[in-house]
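Q: I'm new to this structure, so please pick one part and walk me through it up close. Plain language is fine.

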Amino acid sequence: MTNLYSNMNGSDIIITSRIRLARNIKDIPFPHELDENKSNEIIDKVYGTLSGDNLQGIGPFHLVRFNNLSSAERFSMVERHLISKELISNASKSATILNENENVSIMINEEDHIRLQVMMPGFKLKEALNYANELDDIIEGKIDYAFDNKLGYLTSCPTNVGTGLRASVMLHLPALSISKSVGGIRNTLNQVGMTIRGIYGEGSSSECSIYQVSNQVTLGLSEGEIINSLIAVVSKIVDQEKAARQVLNEKQGKELEDDLYRSIGILKYARMLSSHEALNLLSNVRMGIDMGIIKDVKPEVVNELIVKVQPATLQLQSDKELSGAGRDELRAAIVREAL
Amino acid sequence: MLCQNCNKKEATVHITKIINGVKTEMHLCEDCARENQEVNLSQPFGIGIPFSFQNILDGLFEVSGLENEEANDEIRCPVCNMSMEDFRRTGRVGCGNCYETFKNEMIPLVKRIHGGVQHTGKVPKRTGGLLKVRRDIDKLKEELKTSIDNEEYEKAAEIRDKIKELEKDANNENNKGEGEK
């Protein structure tokens with residue numbers, strides 16, 4: 001269930017790399033204009049391109065419809081970054097195609113007919129783009145895309161036309177968060193056509209000091225150019241986070257050490273944990289491991305917990321419907337057990 | 001200065017709007033500003049009102065000088081029946097053809113968003129065949145120019161041959177496309 005996160009590379013500042021391509025089918029109105037029948041036709045059509053044997057070793061893929069999933073199951077997929085909230089707000093008309101280890105998710109009838117997403121642990125934007133391009137070519141082999149020589153791939157929102165590419169890197173930036181530097185980074189990024197957002201994208205808060213850096217401009221630059229500038233910018237942010245950690249360590253070494261040990265203390269012994277508290281403490285522990293201060297906890301355990309403690313994914317780990325307090329109790333128990 | 005809405009708290013949010021040359025001013029306290037729909041621009045000041053794409057659309061239309069072209073609201077897209085009015089309300093176009101139907105409005109808007117209007121990225125393999133070849137030719141022509149400037153004539157000759165070959169391909173492709181029609 002938490003594949004991607006258990007495979008994640010330790011406690012690195014860079015958590016995952018993600019590529020998303022927006023594509024639409026030629027001469028068919030965009031999803032928000034379609035009724036259920038038409039929407040289902042599109043789901044069948046897109047899934048049809050990926051269900052054959054002719055996939056050159058990519059796949060197999062399976063289709064996920066939301067009608068037969070509970071609300072906790074749906075939201076857990078959002079928490080695992082497989083799908084967007086917007087996709088399930090339109091559950092009767094949408095679907096997603098997943099591969100076995102869940103690093104590919106092809107959302108159908110979200111804002112666009114097709115939103116092809118490839119996610120990889122670590123700093124692997126180029127690899128993820130190549131993989132996404134292969135899948136894109138397979139789909140395009142059987143489906144005519146809405147494409148214009150001047151404007152490129154046409155999308156429902158003009159902010160995505162051109163490459164339809166949104167490349168993003170998920171970063172863990174606790175020291176920059178503590179030193180309140182993220183706002184400054186945001187301003188600088190805006191000037192170069194990029195943005196930094198909270199863990200669940202647009203408008204979300206940055207629980208756990210986890211942020212996403214992504215490109216904003218999709219037209220006028222090639223995919224390679226977009227990725228290269230993102231790589232350059234992310235590398236700089238990583239350097240800044242490292243520098244901020246060093247400053248923190250030099251100036252407030254004892255306080256920092258105390259903070260980090262208190263965090264692990266609470267996580268190990270608390271009987272009730274809200275998701276907000278758990279995420280913030282886990283963030284501290286993750287940084288502590290990376291800085292070599294906390295030595296007796298495995299980074300994989302922390303990464304997995306970051307996903308497991310979130311409300312919907314937590315609900316799935318219980319047989320009965322939980323109240324808020326019930327969830328806090330279960331969350332504390334799961335964290336205690338793991339640590 | 002007191003808030004002009006509640007007249008109780010100190011006004012900390014000051015808004016000056018200039019629409020068609022008419023200037024209006026508002027002075028609100030933080031609470032009233034939060035309630036006020038018109039003050040959506042306040043996110044940069046840290047009040048945290050969601051600031052969506054639709055909110056800025058009208059602003060972009062204003063600077064493009066398109067806000068008064070009411071006649072265009074009569075036009076509807078032949079494929080999805082969307083009007084410009086619908087787009088301004090939802091921030092989304094109805095289908096790919098809308099970009100062509102409303103190109104007078106959409107092209108300046110896209111330019112404002114992205115800074116340019118020429119796609120230079122990936123081209124669909126199957127349906128974008130001709131464009132793909134043309135793009136390759138353009139690239140080679142640039143390389144040809146550089147190698148002539150650098151007096152690398154042997155390399156230039158190689159590139160010239162490549163261009164010839166691609167142009168032949170492009171012509172074939174072109175004829176094939178017309179033949180199908």
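A: Let's start with helix α12 of chain A, which covers residues 324-338. At 1.5 Å a residue, its 15 residues should span 21 Å (1.5 Å times one less than the number of residues), and its end C-alpha atoms are indeed 21 Å apart. Bear in mind that this is a predicted model: local features need pLDDT of at least 70, side-chain atom pairs count only at pLDDT 80 or more, and totals for chains, interfaces and linings use all residues. Residues are numbered from 1 along each chain as its sequence is written, and chains are lettered from A and ligands numbered from 1 in the order in which they are written.

Now, what's tucked away in this helix? A:R327, A:D328, A:R331, A:A332 and A:V335 are buried (20 or more other C-beta atoms, placed from the backbone, within 10 Å of a residue's own). They cover an arc of only 135° around the axis (going by the directions from the axis to the C-beta atoms), so they sit on the same side of α12(A). That fits a general rule: an α-helix has 3.6 residues a turn, so residues three or four places apart point the same way.

And what does that side meet? The buried residues of α12(A) pack against α8 (223-269), α9 (275-290), α10 (299-308) and α11 (311-315) of chain A, where contact means C-beta atoms, placed from the backbone, within 7 Å.

Elsewhere in chain A, strands β2 (residues 61-65) and β3 (residues 95-99) run antiparallel, joined by 5 bridges (strands pair with at least two DSSP bridges). Here A:R65 partners A:A95, while A:A95 also stands opposite A:I108 in β4(A).

Conventions
Helices (H or I, at least four residues) and strands (E, at least two) are DSSP runs, numbered from the N terminus. A residue is buried if 20 or more other C-beta atoms lie within 10 Å of its own, exposed if 12 or fewer, and partly exposed in between; C-beta atoms are placed from the backbone. Two residues are in contact if their C-beta atoms, placed from the backbone, lie within 7 Å.
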